[in-house]
Amino acid sequence: DVILFQHPFYWYSCPPLLKQWIDSVLEDGWAYGKNGNFLKGKKWIQAITTGGSSSAYTKEGFHGHSIEEFLLPFQRTAELCKMEYKKPFLVQGTFH
């Protein structure tokens with residue numbers, strides 16, 4: 001019922017191996033598109049660590065955008081797969 005993606009926030013995204021998994025597994029006809037209903041209704045949740053503090057991920061902060069803005073591609077992927085995108089669980093400031 002839940003797919004949990006646990007990863008560090010790596011160059012404003014996920015690590016390359018997780019991206020490769022997403023590209024390989026979430027296929028047309030299975031995860032989305034015609035007959036692509038196998039993930040429909042499941043929850044997409046991310047548990048993410050960031051080196052920077054929560055204040056760094058604001059319009060006024062070091063990165064100039066919120067973490068939600070950076071995670072928009074993941075949200076859109078979940079929506080495409082007819083999944084329920086949930087707010088991420090964040091552990092921030094891990095470099096300190």
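Select Phe38 first: at 51% relative accessibility, this residue counts as exposed, because the cut-off for exposed is over 50%. Keep in mind during the tour that the model is predicted. Now add Trp30 to the selection. Phe38 and Trp30 form an aromatic pair of the stacked kind, with 5.8 Å from centre to centre and 5° between the planes. Trp30 is partly exposed, at 34% relative accessibility.

**The whole chain**

Zoom out and show the chain as a cartoon. Look for 3 helices and 4 strands. Following the sequence from its start, the order to trace is β-α-β-α-α-β-β. The C-alpha trace spans about 45 × 25 × 20 Å along its principal axes. Of the 96 residues in the chain, 32% are buried. Contacts can also be sorted by distance along the sequence: among those between residues at least 6 apart, 67% join residues at least 24 apart.

**More aromatic rings**

Return to the rings. How many aromatic pairs are there in the count? The count comes to 9. For one of them, select Phe5 and Trp21. This pair is edge-to-face, with the centres 5.9 Å apart and the planes at 70°. Phe5 sits in strand β1 (residues 2-8) and Trp21 in helix α1, so the pair links distant parts of the chain, with the two positions 16 residues apart in sequence. Are Phe5 and Trp21 buried or exposed? Phe5 is buried, with a relative accessible area of 6%. Trp21 counts as partly exposed, at 37%. Add Trp44 and Phe74 to the selection, and a cluster appears: ring pairs link Phe5, Trp21, Trp44 and Phe74.

**The nonpolar core**

Keep Trp44 on display and add Phe9 and Leu26. Phe9, Leu26 and Trp44 are the residues with the most contacts inside the largest nonpolar core, which has 19 residues. At least two residues of this core come from each of α1 (16-25), β2 (43-50), α2 (67-70) and α3 (72-80). Colour these four elements to see where the core draws its residues from.

Centre the view on Leu26. Which residues does Leu26 contact, leaving aside neighbours within four places in sequence? They are Trp21, Ala31, Tyr32, Leu39, Trp44, Thr77 and Cys81. Trp21 and Trp44 in this list also belong to the ring cluster.

**The largest pocket**

Switch to a surface view. The largest pocket holds about 250 Å³ of space. It is lined by 13 residues, and the closest to its centre are Phe9, Tyr10, Trp11, Gly51 and Phe95. Colour the lining by residue type: 7 residues are nonpolar, 6 are polar and none is charged.

**Two residues with positive phi**

From the pocket lining, pick Trp11, which lies in the loop between β1 and α1. Trp11 is exposed, with a relative accessible area of 73%. Most residues other than glycine have a negative phi. What is the phi of Trp11 near? It is near 50°, a positive value in a residue other than glycine.

Select Tyr12 next, again in the loop between β1 and α1. Tyr12 has a positive phi too, of about 65°, although it is not a glycine. Tyr12 is partly exposed, with a relative accessible area of 36%.

**Lys82 and the residues around it**

Move to Lys82, in the loop between α3 and β3 (84-85). Its relative accessible area is 35%, so Lys82 is partly exposed. Show Tyr32 as well. Lys82 and Tyr32 are 50 residues apart along the chain, while their C-alpha atoms are separated by 7.4 Å. Not counting neighbours within four places in sequence, Lys82 is in contact with Gly33, Gly36, Asn37, Leu39, Lys40 and Gly41. Leu39 has already been met as a contact of Leu26.

**The end of the tour**

Finish at Thr94, in the segment after β4 (89-92). Thr94 counts as partly exposed, at 43% relative accessibility. Which residues does Thr94 touch, not counting those up to four places away in sequence? Select Thr49, Thr50 and Gly51 to see them. Between Thr94 and Thr49 there are 6.9 Å in space, C-alpha to C-alpha, although the two are 45 residues apart in sequence. Gly51 is also one of the residues closest to the centre of the largest pocket.

Key. Residues are numbered from 1 along each chain as its sequence is written. This is a predicted model: local features need pLDDT of at least 70, side-chain atom pairs count only at pLDDT 80 or more; totals for chains, interfaces and linings use all residues. Side-chain values use heavy atoms; hydrogens and water are left out. A nonpolar core is a set of buried Ala, Val, Leu, Ile, Met, Phe, Trp, Tyr and Cys residues joined through side-chain atoms within 4.5 Å. Buried means under 20% relative accessible area, exposed over 50%, partly exposed in between (1.4 Å probe, protein chains only). Contact means heavy atoms within 4.5 Å. On a 1 Å grid over the protein atoms alone, a cavity is a set of points where a 1.4 Å probe fits but cannot get out, and a pocket is an open set with protein on both sides within 12 Å along at least five of seven lines; lining residues have an atom within 4 Å of a point. Grid points are joined across faces, edges and corners, and a volume is the space filled by probe spheres set on the points. Ala, Val, Leu, Ile, Met, Phe, Trp, Tyr, Cys and Pro count as nonpolar, Asp, Glu, Lys and Arg as charged, and the others, Gly among them, as polar. Rings of Phe, Tyr and Trp (its six-membered ring) pair if their centres lie within 6.5 Å; planes under 30 degrees apart count as stacked, over 60 as edge-to-face and the rest as tilted.
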